[in-house]
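Please read the following report alongside the sequence and the three-dimensional view. It begins with confidence, then turns to the ligand and to several individual residues.

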Amino acid sequence: MDNNKQNPAAASGFKFENPDAAGKIYRRILTGDRPTGPLHLGHYCGSLKNRVALQDKYDTFILIADIQALTTNFDHPELLKQNIFQVALDYLAVGITPEKSTIIIQSMIPEIAELTIFFSMFISINALKHNPTIKTEAKERGYKELNYGFLGYPVSQTADITIFKADLVPVGIDQLPHIELSRKIVRRFNELYGSTLIEPEALLSEFPKLIGLDGNLKMSKSYGNAIFLSDDFDTVKSKIRTALTDKSRIHPSDPGHPDICTIFSYHKTFSNIDLTKNTENDCINGSIGCVQCKNNLFESIKNILIPMNEKRQYYKERASEIWDILLTGTNKAKKIAEETLREVKNDMKINYF
Ligand code: TRP
């Protein structure tokens, strides 16, 4: 039987078709991470968990953006290899599977860099300089001057997305200005060269950002306030022990304020409804102390980490399998990237021979 007749998505070369309420069809997502260190619970809640669900519905491409990591970590390229491995291991541990998701190493697809150069011809420096995420990041990192590559990474990110013809990009709110820029670049490109690059849309994560152990608004490796997915249980337990709680509570019987407590915000994310509700009441009534409350939270987080640890253990003992997965994903992606670049060059009339 000809499957293509039955499945229009397959006929168009895509595995899935997901029409929205208005009938618009979405097929492929692309998202990614900079390999700058191990992934943490903030990544899990904000994106990884969602990707595991999305891979059943979309052709899922996940980019380990090692070149983008160089925009800020150019002084330590020698760390990329181990960081790529670490990120891939984190992906596999949370349940991203190579059967459903294509995991790609960015630097092994030079077509992305080539497309970035074409895009860079008609995007103004001012547009890049006014990007609010770039501004915040530069400030956080204490950059007085912006490097060309750093300022331009949203352009290269546009190439990441468009070279694979992704139509949806699952991201957190901080990435929205980049997607806006991507849409602008694609429109301009298509207008200039009569091309048909796909204008991507953001698929905004519904999950609120996880705050840091120190109460900082963002859990982040660089703030030293993160629980890593690869932390062992003793480490997780002692990190939870140090987390900021309601400072006005001295004795376990003092009435607490869960709404300002880091630990309670984690309960809301990681504990079941009953435990969360009881924790709230018991804290307000002063009938549970912070130590007990933290122990309960540890159990909830542990339950989430246990299945991840099993998969982590499996792959940890099979490092070559991880590199194989990365090579297979990258090779598959490279074919698509080559084809897109061929089309782009045709449209630009720079296919000389
Ligand atoms: N900028 C993203 C981050 O810092 C990583 C990334 C690189 C990305 N290329 C991408 C995200 C393409 C979405 C689409 O997390």
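## Confidence in the model

Over residues 1–6 pLDDT stays under 50, and for this stretch the model has three contacts beyond four places in sequence. The model is a predicted one, and across the protein chain the mean pLDDT is 93, with 96% of the residues reaching 70 or more.

## The ligand and its shell

Which residues surround the ligand? The shell consists of L30, T31, G32, R34, A65, Q68, Q157, D160, I161, V169 and Q175, and by character these residues divide into four nonpolar, five polar and two charged. Two elements, β3 (28–33) and α10 (153–162), each supply at least two residues of this shell.

Polar side-chain atoms approach the ligand from several of these positions. With a nitrogen atom of the ligand, Q68 has a polar side-chain atom at 2.7 Å, while D160 places a polar side-chain atom 2.8 Å from a ligand nitrogen atom. For R34 the partner is an oxygen atom of the ligand, which lies 3.4 Å from a polar side-chain atom of that residue. The ligand exposes 360 Å² when taken alone, and the protein buries 88% of that area.

## Helix α4

Helix α4 spans residues 66–73 and includes L70, and the buried residues in this helix are D66, Q68, A69, T71 and T72. Q68 therefore combines two roles in this description, being buried within α4 under the 20% cut-off for relative accessible area and also belonging to the shell around the ligand. The cover over the buried residues of α4 includes β4 (59–64), α5 (80–94), β5 (101–105), α8 (132–140), α9 (148–151) and α10; of these elements, α10 also supplies at least two residues of the ligand shell.

Is L70 buried or partly exposed? L70 is partly exposed, because its relative accessible area is 27%, which falls between the 20% limit for buried and the 50% limit for exposed residues. Not counting residues up to four places away in sequence, L70 touches P77 and L80. The C-alpha atoms of L70 and T36 are 9.0 Å apart in space, although 34 residues separate the two in sequence.

## Two residues in loops

H40 sits in the loop between β3 and α3 (41–54), and with a relative accessible area of 4% H40 is buried. When residues up to four places away in sequence are set aside, H40 touches M219, S220, K221, A226, I227, F228 and L229.

I288 is placed in the loop between α14 (273–285) and α15 (290–316), where its relative accessible area of 10% makes it a buried residue. Apart from neighbours within four places in sequence, I288 is in contact with R249, P252, T279, D282, C283, C293 and N296. The C-alpha atoms of I288 and N278, which are ten residues apart along the chain, are separated by 9.6 Å.

## A partly exposed position in α6

E114 is found in helix α6, which covers residues 110–120, and with a relative accessible area of 30% E114 is partly exposed. Its contacts, leaving aside neighbours within four places in sequence, are with L341 and K345. E114 and A159 lie 8.6 Å apart from C-alpha to C-alpha, while 45 residues separate them in sequence.

## Two lysines with positive phi

Most residues other than glycine have a negative phi. Against that background, K165 has a positive phi of about 55 degrees although it is not a glycine, and K349, also not a glycine, has a positive phi of about 60 degrees.

K165 lies in the loop between α10 and β6 (168–171), and its relative accessible area of 22% makes K165 partly exposed. K349, by contrast, belongs to the segment after α16 (319–347), and with a relative accessible area of 64% K349 is exposed.

Methods
Residues are numbered from 1 along each chain as its sequence is written. This is a predicted model: local features need pLDDT of at least 70, side-chain atom pairs count only at pLDDT 80 or more; totals for chains, interfaces and linings use all residues. Side-chain values use heavy atoms; hydrogens and water are left out. A residue is near a molecule or strand if one of its heavy atoms lies within 4 Å of it. A polar contact is a pair of N or O atoms within 3.5 Å; within protein, one must be able to donate a hydrogen and the other to accept it, and residues adjacent in sequence count only if both atoms are side-chain atoms. Accessible areas come from the Shrake-Rupley method with a 1.4 Å probe; for residues, only the protein chains shown count as cover. Helices (H or I, at least four residues) and strands (E, at least two) are DSSP runs, numbered from the N terminus. Ala, Val, Leu, Ile, Met, Phe, Trp, Tyr, Cys and Pro count as nonpolar, Asp, Glu, Lys and Arg as charged, and the others, Gly among them, as polar. pLDDT is the predictor's confidence in each residue, from 0 to 100. Contact means heavy atoms within 4.5 Å. Buried means under 20% relative accessible area, exposed over 50%, partly exposed in between (1.4 Å probe, protein chains only).
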